[in-house]
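Colleague: I'm new to this one and would like a close look at a single part: the place where helices of the two chains meet. Could you walk me through it slowly?

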2 protein chains.
Amino acid sequence: MSSGVGVSTPGNVAVQHGLGSLKAMERKVKVAEVVLRCLILGLGVLVASLVGTDTQVKKIFSIEKKAKFTEMKSLVFLVIANGIAAGYSLIQVLRCVVSAVRGSVLFSKPLAWAIFSCDQVLAYVCLAAVATAAQTAVLGEYGQAEMQWMSICNMYGKFCNQVGEGIVCALVVSLSMVSLSCVSAFNLFRLYGKNKGKAGEF
Amino acid sequence: MSSGVGVSTPGNVAVQHGLGSLKAMERKVKVAEVVLRCLILGLGVLVASLVGTDTQVKKIFSIEKKAKFTEMKSLVFLVIANGIAAGYSLIQVLRCVVSAVRGSVLFSKPLAWAIFSCDQVLAYVCLAAVATAAQTAVLGEYGQAEMQWMSICNMYGKFCNQVGEGIVCALVVSLSMVSLSCVSAFNLFRLYGKNKGKAGEF
């Protein structure tokens, strides 16, 4: 039976030690990636359903008025952005599972570039969506007296609360996407490691 | 006199070639960084001054009404974000100039982490600022009939135009910041190159 243990020269031990810590770090990054992608998947669906199904009917004298998210473009943007983020995360989680089952890391530069680009774009889109939705929410809650824009949340309290919950979840989604874009930047740019040929100063 | 040319074995030539292309890429990245930082510096100042000095007085019957950017929190956010981006870019341009004059690259991991973090945060802040300002601009231009929020740009045309120009410039600033955050991610994560100890599969 082969034990798999090589000859332990000091250099060999150092390389093995370096390899071990590198592997441990890579494993941590992988786990963080999967956890973040699952979080985005779950919360993205939650945001889309919270905001997308949010309606409230109000009777003002005999006129029925209905508030729904489609009346605000920024809320439509929020629902779409989080829906896309959730769908994309599902695909990415499946990719992570496949590579874990196969026990191999299919890490080519083009794939790393593709994942990096998608993560970056989605992080910025999700953040822009949550920023505009929050801006709309603030306007809805407090109005803008200088422009005669009235608050609407004292009329549609339940509607506003549900949108608020959606925005909080969407903020967590955005921050997770931001962290993920750092992870995928790490995965990509370390392929361009400085010590391929020692570069020194320039 | 020493010519500085070593013995040209085939392996030596290959290493020199790899070193040369690496140096060329690093130089291109450096030039792109300086150009982008100068662009952000210039346009950031332009945005802050365009939006920050924008006022319009309108006489409605005998009442004088003045539109200015401080009435909209999102425009204040835009001015502050672009001001900070411009100031930060100035410091970074100086750093680039100093390192170019010294002819050395002072690239430690902590410094790379600091630059990466600041660039990332500023990219997201600038993008969020331009998104909320654009949302306000759309509301100002078209209003929101369902909420009885009226358009104000037919009253304050000149004010709105100047804000619009500011937002276009701010969009360029944001996209430049996004590109820069990719550059600094590249500069940071390649320090964690995969080929320090050959990692293989895990």
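Modeller: Here is a walk through that meeting place, followed by its surroundings and the confidence behind it. Keep in mind that this is a predicted model.

Let's start with the pair in the middle of your request. Find helix H3 of chain A, residues 109-142, and helix H3 of chain B, which also covers residues 109-142. Their axes come within 8 Å and cross at roughly 45 degrees. H3(A) and H3(B) are therefore oblique to each other. As for the hand of that crossing, H3(A) and H3(B) make a right-handed one.

Now look at who touches whom. From H3(A) come A:Gln120, A:Ala123, A:Tyr124, A:Leu127, A:Ala128, A:Ala131, A:Thr132, A:Gln135, A:Thr136 and A:Leu139. Facing them in H3(B) are B:Gln120, B:Ala123, B:Tyr124, B:Leu127, B:Ala128, B:Ala131, B:Thr132, B:Gln135, B:Thr136 and B:Leu139. Sort the residues of this H3(A)-H3(B) contact by class and you get 12 nonpolar, eight polar and no charged.

It's worth following H3(B) along its length too. H3(B) has 34 residues and runs 49 Å from first C-alpha to last, close to the 50 Å expected at 1.5 Å a residue. Right after H3(B) sits B:Gly143, with a positive phi near 70 degrees.

H3(A) has another partner across the chains: helix H4 of chain B, residues 157-189. Here the axes come within 13 Å and cross at roughly 140 degrees. That angle makes H3(A) and H4(B) oblique to each other, since a pair counts as roughly antiparallel over 145. The crossing of H3(A) past H4(B) is right-handed. H3(A) brings A:Phe116, A:Gln120 and A:Tyr124 to this contact, while H4(B) brings B:Val178, B:Ser181 and B:Cys182. Four of the residues in the contact of H3(A) with H4(B) are nonpolar, two are polar and none is charged. You've met A:Gln120 and A:Tyr124 already, in the contact with H3(B).

For a look inside one chain, turn to helix H2 of chain A, residues 73-102, and H4(A). Their axes come within 11 Å and cross at roughly 40 degrees. So H2(A) is oblique to H4(A). This time the crossing is left-handed. On the H2(A) side the contact uses A:Leu75, A:Leu78 and A:Asn82, and on the H4(A) side A:Phe159, A:Val163, A:Ile167, A:Ala170 and A:Val173. The residues of the H2(A)-H4(A) contact split into seven nonpolar, one polar and no charged.

How far does the predictor back all this? For the complex, the predictor gives an ipTM of 0.79 and a pTM of 0.82. Chain A has a mean pLDDT of 83, with 84% of its residues at 70 or more. Within chain A, confidence is highest in helix H4, residues 157-189, at a mean of 93, and lowest in helix H1, residues 10-52, at 82. Treat two stretches separately: residues 1-7 of chain A stay under 50 in pLDDT and have one contact beyond four places in sequence. Residues 196-202 of chain A also stay under 50, and the model has 18 such contacts for them.

Methods
Residues numbered from 1 in each chain as written. Chains lettered and ligands numbered in written order. Predicted model: local features only at pLDDT ≥ 70, side-chain atom pairs only at ≥ 80, totals over all residues. Heavy atoms only, no water. Axes fitted to C-alpha atoms, helices over the stretch in contact; angles between N-to-C directions. Helix = DSSP H or I, 4+ residues; strand = E, 2+ residues; numbered from the N terminus. Parallel < 35°, antiparallel > 145°, perpendicular 65-115°, else oblique. Left-handed = near helix turned anticlockwise from the far one by under 90°. Contact = heavy atoms within 4.5 Å. Nonpolar A, V, L, I, M, F, W, Y, C, P; charged D, E, K, R; others polar. Expected span 1.5 Å × (residues − 1). pLDDT = per-residue confidence, 0-100.
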